[in-house]
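Student: Could you take me through one helix pair in close detail? I would also like to see the chain it belongs to.

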Amino acid sequence: MAMLEIKDLEVYYGVIQAIKGISFDVNEGEVIALIGANGAGKTTTLQTITGMLQANAGSIMFEGEDITKVPGHKIVSMGMAHVPEGRRVFAELSVYENLKLGAYTRKDKNEIAESLQMVYKSFPRLEERKNQLAGTLSGGEQQMLAMGRALMSKPRIILMDEPSMGLSPIFVDEIFHIIQEISASGTTVLLVEQNAKKALSIADRAYVLETGNIVLSGDAKELMNNESIKKAYLGE
């Protein structure tokens, strides 16, 4: 059984259909990339899975449970975390306070302290800047904070929306290295990313979304060598 199973999902914005009956799955331990151009429906898909948007039709199953109509805050406590597009850190709070907010669904103080140390180990820069206001961090550091905050909920699966957007090439490499580390530590990853080359280089499998439809899917390395993918998304 897949860890996350999306079946015949449809999402509308008013009369406009953004997602047109897509189906895909994510198995435990995988890194799955969802790639596509701007406006393809990638962000809408993630927001619907995590309860920020309501599906008009279809189903979302997470570890055997139907979460199609479950509110977002409950989905977090079930073991799913979402790193939103644009980072969305709390600018007026410190790095430490942002991280603590990531653990708001958890009760065990010792376990929370353990998670905090793990996040600091993965992101040493966050520990160095723990008392700094999040709004004063660079874009790359804010992305690290958004990822660290999501990890504080101790997720079984983490959904990341455009983690490399607006970052310098050095930070992009660092962020993708960290995503690989998150995966190696046992957390399943569903990655939405416009940098298709980077996404496919670390993913196990990938789905290509175009105007609300999945038009291609398969092994990430095979898709990297697909001529139409090369032309459309890899600039080759």
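Tutor: Happily; here is the helix pair, followed by the chain around it. This is a predicted model, in which local features need pLDDT of at least 70 and side-chain atom pairs count only at pLDDT 80 or more, while totals for chains, interfaces and linings use all residues. Residues are numbered from 1 along each chain as its sequence is written, and side-chain values use heavy atoms, leaving out hydrogens and water.

Helix α3 spans residues 95–102 and helix α6 residues 139–151; they pack at about 35 degrees with axes 7 Å apart (axes are lines fitted to C-alpha atoms over the stretch in contact, and angles run from 0 to 180 degrees between N-to-C directions). The crossing of α3 past α6 is right-handed, meaning that the near helix is turned clockwise from the far one by less than a right angle. On the α3 side, Val 95, Asn 98, Leu 99 and Gly 102 make the contact, and α6 brings Leu 145, Gly 148 and Arg 149 (contact means heavy atoms within 4.5 Å). By class, that gives 3 nonpolar, 3 polar and 1 charged residues, with Gly counted as polar.

Now the surroundings. The protein chain has 10 helices and 10 strands, taken as DSSP runs of H or I with at least four residues and of E with at least two. Of its 236 residues, 48% are buried, that is, under 20% relative accessible area with a 1.4 Å probe, protein chains only. Among contacts between residues at least 6 apart in sequence, 66% join residues at least 24 apart. The C-alpha atoms fill a box of roughly 45 × 40 × 35 Å along the principal axes.

Conventions: Buried < 20%, exposed > 50% of the residue type's maximum accessible area, 1.4 Å probe, protein only.
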